[in-house]
Amino acid sequence: MASEQNYGFETLQVRGGYDPAKHNYASTVPIYQTASFNIGDTDRLKRLKAKEEQGFFYTRSGNPTLDILEKRITALEGGTSALAVASGMAAVAYSLLNVAEGGGEIVAVHSLYAGSYNLLEHTLPKLGINVNWVEDPYDIEQFREAITEDTKTIFVETIGNPLINVIDIGRIAEVAHERGIPLIVDNTFASPYLLKPFDFGADIVVYSSTKTLGGHGSTLGGLIVENGKFNWNNGKFPNFTIDDYKLQNKKVVDEFPNSAFTAKIRLHYLSDFGAVLSPFDAFLIIQGLETLSVRVEREVKNTEAIVEFLSQHPQVSWISYPTISNDKNKELAKKYFHKGAGSILSFGFKGEQESINKFLSSLKVFSFLVNVGDSKSLAVQPSETTHSSLSDENKIKAGVFKEAIRLSIGLENIEDLIEDLKQAFKKSLE
Ligand SMILES: *Cc1c(COP(=O)(O)O)cnc(C)c1O
């Protein structure tokens with residue numbers, strides 16, 4: 001597909017990055033379920049090393065099925081390169097290590113996926129990487145003030161979890177670039193169908209493909225995408241410009257001018273820390289991607305109907321979903337989310353914990369479980385599950401309210417979903 005750039009999103013999600021002629025004309029992307037690849041002979045080894053021929057050695061550093069997934073997300077995102085890893089947390093952790101390694105600092109906001117929060121609050125500090133937290137994600141000046149000489153990146157989620165708040169990534173990217181650092185965004189809740197962060201100045205986009213991208217709740221995976229625009233040569237990122245022993249002492253920035261970020265992770269963090277995605281799981285994520293736009297469109301429609309239902313319900317004290325809020329969230333949703341703000345919302349349950357327990361236990365169509373972005377509708381109380389490891393103080397900062405229920409809306413019949421919520425609300429009063 002030589003002129004892939006010209007195809008629309010819907011075509012790329014089905015066909016991007018895959019040329020059947022190069023794979024025995026297999027219509028479906030084949031699963032290269034192999035740990036290693038034959039080298040053939042020493043002449044071929046020479047050609048591979050000199051990059052005169054593209055090839056694979058060992059699946060931890062590259063595999064054709066993963067390569068197609070990487071090319072497909074690159075096309076969907078409008079980037080230059082991508083890297084697939086074993087989970088969303090591997091994508092977040094490797095991306096942050098890749099820039100902040102060796103005592104760098106990170107600027108971040110509190111409203112984050114709990115795994116990312118714990119990584120930033122507890123694990124990275126043990127490795128000498130500290131975080132300057134921004135208290136008010138809407139106050140751009142606070143981002144500017146949080147950056148020090150040692151700051152290597154700003155990290156945010158395009159839609160924060162569990163607050164479901166929209167982050168003004170365009171203005172935050174400007175602040176990052178003023179100081180010569182990249183903006184890394186986690187775009188998991190939005191997916192590239194609803195938001196393309198590169199269009200607003202983000203430099204690196206990470207995903208948990210476990211969620212909306214894979215879409216079926218079957219497979220853990222993570223993706224890191226770059227657009228090749230950030231200047232790693234500005235003196236702040238010495239490991240991109242040293243003589244790299246993995247490259248016969250050439251520099252990552254010279255060898256990979258458009259893909260330095262993912263190349264460095266592949267060469268060092270993926271190779272040495274090893275969270276490689278399995279070829280079979282890459283295949284499942286590719287299958288999920290084929291229907292991304294169709295699923296998301298329907299899920300947004302269902303979500304908007306559920307939001308409408310909840311907004312009329314006497315047992316609901318508040319709803320957090322960007323396009324209906326009356327605050328900055330709504331303004332930001334207008335700027336960033338023209339096709340809807342995704343399939344995840346939170347609402348305040350009016351009542352005691354006992355009623356919340358009854359509500360969750362009474363759901364029949366909704367699954368009571370910790371995940372989002374599934375074709376099945378899901379419900380959870382974040383304070384008791386996903387975010388229960390946060391201290392009480394940090395729960396408040398992260399917006400993890402005790403009475404909040406988070407819903408992730410799937411593809412079921414909308415009337416069945418609404419009826420299910422209705423009957424569970426009723427049971428919670430019994
Ligand atoms: C789930 C999730 C992650 C972590 O992904 P895993 O695939 O579970 O490791 C990171 N960020 C966000 C926003 C998520 O929802």
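Here is a short chat about the ligand site and the two domains of this predicted model. Local features need pLDDT of at least 70 and side-chain atom pairs pLDDT 80 or more, while totals for chains, interfaces and linings use all residues. Numbering runs from 1 along each chain as its sequence is written, and side-chain values use heavy atoms, without hydrogens or water.

Me: What makes S87 and Y113 part of the ligand's surroundings?
Reply: A residue is near a molecule if one of its heavy atoms lies within 4 Å of it. S87 and Y113 are among the residues that surround the ligand, and so are E157, D186 and K211.

Me: How is that shell split by class?
Reply: The shell has 3 nonpolar, 6 polar and 3 charged residues. Asp, Glu, Lys and Arg count as charged; Ala, Val, Leu, Ile, Met, Phe, Trp, Tyr, Cys and Pro as nonpolar; the others, Gly among them, as polar.

Me: Why is the pair between T210 and the ligand called a polar contact?
Reply: The term asks for a pair of N or O atoms within 3.5 Å. An N or O atom in the T210 side chain is 2.6 Å from a ligand oxygen, so the pair qualifies. A polar side-chain atom of S208 lies 2.8 Å from a ligand oxygen, and a polar backbone atom of M89 is 2.9 Å from one.

Me: What do the domain bounds rest on?
Reply: They come from an automatic or database domain assignment, which gives domain 1 (8–289) and domain 2 (293–428).

Me: How many residues of each domain are in contact with the other?
Reply: With contact meaning heavy atoms within 4.5 Å, 42 residues of domain 1 touch 40 of domain 2. The domain centres, taken over C-alpha atoms, are 29 Å apart.

Note on methods. Polar contact = N/O pair within 3.5 Å; in protein donor to acceptor, adjacent residues only side chain to side chain.
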